[in-house]
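Please open the model in a viewer and display the backbone as a cartoon. The tour begins with the whole chain and then moves to individual selections.

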Amino acid sequence: MSERILIVEDEETLSSSLRRVFLRDGYEAEVVDNAESALEILDKGIYDIIITDIILPGIDGIELLKRIKEKFPDQTVIIVTAYASLETAVEALRAGAYDYVVKPIIHEEIKQIVKNALKQRALQAENVLLKKQIERQYDFSRIIGESSAMQKIITEVKKIADARSNVLLLGETGTGKELIARAIHFNSSRADKTFIPINCSAIPENLLESELFGHVRGAFTGAITSKKGLFEEANGGTVFLDEIGDLSIGLQSKLLRVLEDHEIRPVGGTQSIKVDLRFISATNKDIENAINEGTFREDLFYRINVITIKLPPLRERKEDIELLVRYFIHKYSKELGKPVNEIDNEASKILKAYHWPGNIRELQNIIERAILIAEDGVIRAEHLPEGIKTERSFIHAALGDKLSIEDYTKAFIQKYQDEFNEQQLADMLGITRKSLWEKRKRWGIARE
């Protein structure tokens, strides 16, 4: 369908000329010679662009612009003026005009302005659509789980989503902490503002302060220009600090000041900038233990955990595995273009019996891999990794050999160290990474 243009112009020669130009370019163009008629016609139809002269009989173009913006805030209006004064331009733009054109009108100029305006409208519409899709993606129906533990969390998240209070999410790696953080943001009054996730362990320590707070020109070698930090970019929205337990003591002190004063100061800067932020933090570490060891500030802990939500590991909500499997089968069969829609009983039993050290993320990866190699539309046991199929036999063998806890731990590390990373192994054994390292050293088990 052609874009519609309304021309409000009392000079008949000019209005006829403009109409011919736009009709020739494939637009629908209508003409009225006064503001009152324009307001009347706008109540009956929708126009993509309105082009209006400032000097009109009766209501002038600026007043028409103001009235249009009151009723239709998103309407694009281009002002035509015979006087190229700065005051006229400023007044038109302040009233909400997209742009202004000075008489005598050059056809190519006004055609280009209209094209630019339509392009901007299309981008804005696309952004609105994209935002709605994102909001739908993170509504509560996307938090999958019928277990009592997950239903309790969903109820709690609904209650606290629109609060201003900071939230601390606790749970092992892969339990869905970022999904919960996004659900909180997109179901709050901040949903139309920015959500910025920051992995505190992924950004090198020497760059993290500049990334968070920004810097001024010349603050350090290589700071050729000033740069906004992520905290300033997120102003009015939500910051998700993942793996906050890995933040250095120095940055913890600076973050505490942001939480207390609602101000940030760029690296090398002398002026503070006011910010309105909600912080959602997450960690898989024992923060209280870190406080006792002196690696995490107690006062910061009390600031970030006004509301605490603990996400259960997948092994403690095995009744949700079937639901998650079904969801990931649907998701990846569609994304990968493979018509897989079933999982046989044997494969399903293996998934339910597995310990899941990598939690939902590990299950997601396993289902994606299985869909890639499945051949007849069904996921079978042979499509699952060997490691998850042999876990039960290993435990049975350990029980049969009557291994001590120490011997079992040693055998477990040797068997699974090529399959899982250090954090996953430690989680599976219920010990810290430091304890795992000490056991390796004592037993002489090198990581290959």
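A contact here means that heavy atoms lie within 4.5 Å of each other. Of the contacts in the chain with a separation of 6 or more, 69% are accounted for by residues 24 or more positions apart. The structure on display is a predicted model.

**The whole chain**

Select every residue and orient the view along the principal axes. The C-alpha atoms fill a box of roughly 100 × 60 × 40 Å. What radius of gyration does the chain have, and what would a compact globule of 448 residues have? The chain has 31 Å, whereas the globule would have a value near 22 Å. Colouring by secondary structure should show 20 helices and 16 strands.

Next, switch to a surface representation. The chain exposes about 24,000 Å², and carbon and sulfur atoms supply 49% of that area. Buried residues constitute 45% of the 448 residues. For the charges, select the 63 positive and 73 negative ones; their mean positions are 4 Å apart.

**Alanine 89 and valine 101**

Return to the cartoon and select residues 86-94, which form helix 4 and include alanine 89. Is alanine 89 buried or exposed? Its relative accessible area is 5%, so alanine 89 is buried, the cut-off being under 20%. Now add valine 101 to the selection and draw a C-alpha to C-alpha distance to alanine 89: the two are 12 residues apart in sequence and 9.2 Å apart in space.

**Lysine 103 and proline 104**

Select lysine 103 and proline 104 and display the backbone atoms. The peptide bond joining these two residues is cis, with omega at about -5°. Most peptide bonds are trans. Proline 104 is situated in the loop that runs between strand 5 (99-102) and helix 5 (107-137).

**Tryptophan 356 and asparagine 359**

Move on to the loop between helix 14 (345-353) and helix 15 (359-373), and select tryptophan 356 there. Which sign does phi have at tryptophan 356? Phi is positive, at about 55°, although the residue is not a glycine. Most residues other than glycine have a negative phi. Tryptophan 356 counts as buried because its relative accessibility is 0%.

Finally, select asparagine 359, which belongs to helix 15. Asparagine 359 has a positive phi of about 55° and is not a glycine. With a relative accessible area of 0%, asparagine 359 is buried.

Methods
Residues numbered from 1 in each chain as written. Predicted model: local features only at pLDDT ≥ 70, side-chain atom pairs only at ≥ 80, totals over all residues. Heavy atoms only, no water. Helix = DSSP H or I, 4+ residues; strand = E, 2+ residues; numbered from the N terminus. Buried < 20%, exposed > 50% of the residue type's maximum accessible area, 1.4 Å probe, protein only. Rg over C-alpha atoms; globule rule 2.2 N^0.38 Å. Areas by Shrake-Rupley, 256 points an atom, 1.4 Å probe, with all protein chains shown as cover. Lys, Arg positive; Asp, Glu negative; His and termini not counted. Charge placed at Lys NZ, Arg CZ, Asp CG, Glu CD.
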